[in-house]
Structures are given as C-alpha cells and as structure tokens.
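Colleague: Before we discuss the packing, please put the model on the screen, and let me ask at each step what justifies the words you use.

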Amino acid sequence: MGSACAYFLHRDPDFHGSVAVVEPDPSYREAASSRSASSIRLQFSTPVNITLSRFGMDFIRAGGFGLVESTYLFLATAPGRVALEQSVAIQRAAAVPVSLHDRRALSHRYPWLNTADLAAGSDTAGGEGWFDGHALLTALRGANERGGVRYLRDRVAALERSEGRIAAAHLQEHGRISCRHAVIAAGTRSRELAASAGIELPVYARKRNVFVFSCPAKIPGCPLVIDPSGLWFRAVGDRYLCGVPESPDPDVSPDDFEVDLAIFEALAWPVLAHRVPAFEAIRLSSAWAGHYDYNVFDQNAFVGPVPGIANLLLASGFSGHGLQQAPGVGRALAEYIRFGRYLSIDLADLSYARFLTNEPMREANII
C-alpha cells in the first residue's frame with residue numbers, strides 16, 4: 001500500500017514534493033505482501049471492491065508479475081444459494097463476466113468435483129487469477145527508488161497531532177520528520193500507530209495458515225475453489241495451496257508466525273477429500289503462516305482521510321484482499337494527496353467516517 005501510493009505520486013509530473021516510505025524490514029520477510037497467497041478476483045459483494053480489483057488486474061496484467069489468469073469458483077449448498085445469487089447480481093451490475101451454475105452444470109464443468117451436496121456455484125470468464133505478490137512489491141519499490149522516493153529502514157513510533165492535523169512522524173531511529181500528509185499503511189500494526197494520533201481502528205492481526213500439498217492425480221483446469229465450509233484451494237505448478245478458516249479466530253500478535261500443522265490433518269484434509277475425491281491421496285509438502293489486517297467492524301478497508309484530520313490518510317483493514325487492491329488504493333490516495341479529492345477511483349464508500357457513525361458496509365465474500 002505504501003509503495004503503491006508512493007509510486008503514483010512520484011510518477012505525477014506535477015507533483016513536486018518529497019516522498020518517504022518508512023519500512024522496518026526491507027527484506028519484507030514477514031510482510032503480508034510476501035506471505036499472501038497472491039490471488040485476485042472480481043467476485044466481491046461490494047461494488048467498490050470490484051472496482052479496486054479490476055484496476056489491480058489491469059495493472060498486474062500490464063506488468064506481468066507471474067500472472068496466471070483463471071477464475072475463482074465459489075460453491076454453495078442449499079442454505080447459501082440465495083447469498084451467492086445476491087453476490088452474482090451485484091457483480092453482473094458491475095459488468096463482471098460471472099456465471100451462476102446449478103449442480104448439474106458444475107458436475108459437467110468440473111468433473112473432478114464432488115457436487116452431491118452442492119446447490120450452486122459461480123465463476124468468471126476473466127479478470128481473476130493469481131500472481132507473484134513479492135514481485136509486484138519489489139517492482140514498485142525499485143521504480144520508486146529510481147524515481148527519488150526515500151525508503152527509511154525504521155519504524156514510526158508515533159504520529160504528532162497538532163491543531164487538527166498531523167505535524168510529524170516520530171521515528172525510532174531517524175527522529176522527527178515533519179509532513180504535509182501522512183498515510184497509515186502499516187498492516188497489522190496500523191491500529192497501534194493510529195492510536196498514537198488518538199484514532200481508534202478496529203483492525204487486528206488474524207493468523208492464516210497456508211498449506212502446500214501434492215496429489216498424484218491430475219486436476220485439469222483447477223481454479224481457486226472456495227468450499228461452502230470456507231476452505232479454499234488452488235493449483236500452483238504441480239502442487240496445490242489451501243487454507244482453512246479457524247473457529248474461534250482469535251486476534252494474535254503481529255509477530256506470531258508459528259504454523260499450526262495440526263490444522264491440516266484435523267480440518268483441511270477431510271474437507272479436501274470430500275470435495276475432490278482425488279485429494280484422498282494428498283501429501284503435505286510445506287506450510288507457512290501470514291496475517292490479515294482484519295477489520296472486525298465490517299471486513300472492508302478504511303481508506304482515505306480521517307474526518308477532522310484532513311492530512312492523515314488510512315489504508316488499513318483489508319481483511320485479506322489488500323494485495324490485489326494495492327495498485328488501485330495507491331492511485332486513489334495519490335490523487336487525493338495531489339488534488340484533495342478522488343478522480344479516477346472514488347473510494348468514498350471506504351471512508352473511516354462509517355465507523356464513527358456506526359454504518360457498516362459489510363463485505364460478504366471474505367476468504
């Protein structure tokens with residue numbers, strides 16, 4: 001998020017300010033961008049998320065970044081069919097090339113899938129897939145540094161608020177840096193940083209385990225499948241990735257990256273074997289853990305200016321779909337910094353104001 005905002009700012013020939021990105025770990029070893037499953041979709045339940053990911057797909061497609069164009073396949077049992085149909089209606093209104101399939105059509109389209117307990121599924125004819133998230137991040141940083149953006153290996157300890165604005169950022173090593181605008185794009189650490197400016201952000205770190213497994217049988221044309229249970233899986237070369245929701249889903253420390261391998265056998269494997277009979281014979285290869293900056297208020301991001309602090313902008317709480325939306329958010333925030341308003345991408349719906357007025361805008365399709 002920070003690098004995307006910096007990218008669109010420095011590329012504006014009429015922008016004459018300086019830009020600094022504060023990053024405590026330039027290796028990005030524990031960054032969400034590096035630990036993400038790096039997938040992108042249009043099948044959301046809120047139009048603004050569709051708009052952001054569509055821009056993201058255009059940006060990623062233009063740059064390559066290891067893009068594999070495919071589709072997400074959302075599956076529903078009878079109790080979830082109405083919600084799926086409602087999401088599809090929203091997507092069609094936003095010109096998403098989405099199709100709704102009944103059980104018979106799913107069985108014909110995906111013959112390796114067990115459809116016995118399914119009522120419907122949706123997929124798209126384009127605009128979705130997966131990519132190399134770390135490559136996107138390093139490309140943005142490289143372009144920024146060539147364009148004069150400063151990257152400071154440091155951590156912002158606090159924001160200095162004075163007379164209704166952010167006057168400066170206080171860094172642990174570099175001290176006080178004054179600013180005309182400040183953007184909080186600190187992922188799971190955004191909450192503590194916002195608190196230093198007197199702002200309550202309902203954004204917490206939630207751990208997500210990603211498992212890599214192999215299967216001796218071939219699953220032709222495997223998309224990114226979202227099971228009704230919440231489990232997801234997709235192909236990656238000759239192997240597969242999968243993740244499974246946890247219940248309860250506790251807040252964790254932003255430093256907690258310990259993988260819970262027991263989840264695979266206890267929760268993931270039974271669902272995988274049920275949904276794809278060929279997955280009875282899978283073998284776990286490896287695993288890692290990452291974090292969502294999870295917005296417990298409505299699972300949508302807070303983006304843009306904070307009411308009452310016009311020069312403080314947020315990019316936080318994406319709840320698992322931030323990486324794919326980084327180019328669009330970066331473009332929109334850069335425009336707001338330059339012009340005081342959104343031009344090409346209107347993100348007013350993601351304003352922090354909705355939290356202050358207790359008007360959630362829920363995203364139903366959280367994976």
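Modeller: Let me begin with pairing: two strands count as paired if DSSP finds at least two bridges between them. This is a predicted model, in which local features need pLDDT of at least 70 and side-chain atom pairs count only at pLDDT 80 or more, whereas totals for chains, interfaces and linings use all residues. Residues are numbered from 1 along each chain as its sequence is written, and side-chain values use heavy atoms, with hydrogens and water left out.

Colleague: How do you know that strand 10 and strand 11 pair?

Modeller: Strand 10, residues 165-171, is joined to strand 11 by 4 bridges in the antiparallel sense, and the rule asks for at least two, so the two strands count as a pair. Within strand 11, Gly175 is the residue that stands opposite Leu171. The elements themselves are DSSP runs numbered from the N terminus, helices being H or I over at least four residues and strands E over at least two, and on that reading the protein has 10 helices and 19 strands.

Colleague: What makes strand 9 and strand 11 edge strands?

Modeller: They belong to an open sheet of 3 strands in the order 9-10-11, with antiparallel pairing. Strand 9 (156-162) and strand 11 (175-178) each have a single partner strand, so one side of each is left without a neighbour in the sheet. Neighbouring strands here are turned by 30 degrees against each other on average, direction ignored.

Colleague: Why is the pairing of strand 4 with strand 14 called parallel, and how many bridges support it?

Modeller: Strand 4 (residues 72-76) and strand 14 (residues 224-226) run parallel and are joined by 3 bridges, with Tyr72 standing opposite Leu224 of strand 14. Both are found in an open sheet of 8 strands, ordered 5-6-4-14-15-16-13-17, whose pairing is mixed. At its edges are strand 5 (98-102) and strand 17 (283-295), each of which pairs on one side only, and the average turn between neighbouring strands is 20 degrees, direction ignored.

Colleague: Which strands does helix 4 lie across?

Modeller: Helix 4 (residues 81-93) lies across strand 4, strand 5 and strand 6 (120-124), and runs at about 155 degrees to strand 5. Helix 8 (residues 262-275) also packs on the sheet, touching strand 4, strand 13 (203-214), strand 15 (232-236), strand 16 (239-243) and strand 17, and its direction makes about 60 degrees with that of strand 13. Touching means contact, that is, heavy atoms within 4.5 Å.

Colleague: Why is helix 1 called oblique to helix 9?

Modeller: The axes of helix 1 (residues 2-10) and helix 9 (residues 322-339) come within 7 Å and cross at roughly 50 degrees, which makes helix 1 oblique to helix 9. Angles under 35 degrees count as roughly parallel, over 145 as roughly antiparallel, 65 to 115 as roughly perpendicular and the rest as oblique. Such angles run from 0 to 180 degrees between N-to-C directions, with axes fitted to C-alpha atoms, for helices over the stretch in contact. Ala4, Cys5, Phe8 and Leu9 are the residues of helix 1 in this contact, and those they meet in helix 9 include Ala326, Pro327, Gly330 and Ile337. The residues divide into 9 nonpolar, 1 polar and 2 charged.

Colleague: What makes helix 3 roughly perpendicular to helix 9?

Modeller: Helix 3 (residues 47-63) packs against helix 9 at an angle of about 100 degrees, with the axes 7 Å apart, and that angle is why the arrangement is classed as roughly perpendicular. Among the contact residues are Leu52, Phe55 and Phe59 of helix 3, and Pro327 and Val329 of helix 9. By class there are 5 nonpolar, 6 polar and 1 charged residues.

Colleague: Where does Pro248 lie, and what makes its peptide bond notable?

Modeller: Pro248 is in the loop between strand 16 and helix 8, and the bond from Ser247 to Pro248 is cis, with omega near 5 degrees. In the loop between strand 17 and strand 18 (302-306) lies Gln299, which has a positive phi of about 65 degrees although it is not a glycine.

Colleague: How do you know that the radius of gyration agrees with a compact globule?

Modeller: The globule rule is 2.2 Å times the number of residues to the power 0.38, with the radius taken over C-alpha atoms. For 367 residues a compact globule would have a radius near 21 Å, and the protein has 21 Å, so the two agree. Along the principal axes, the C-alpha atoms fill a box of roughly 60 × 40 × 40 Å.

Technical notes. Nonpolar A, V, L, I, M, F, W, Y, C, P; charged D, E, K, R; others polar.
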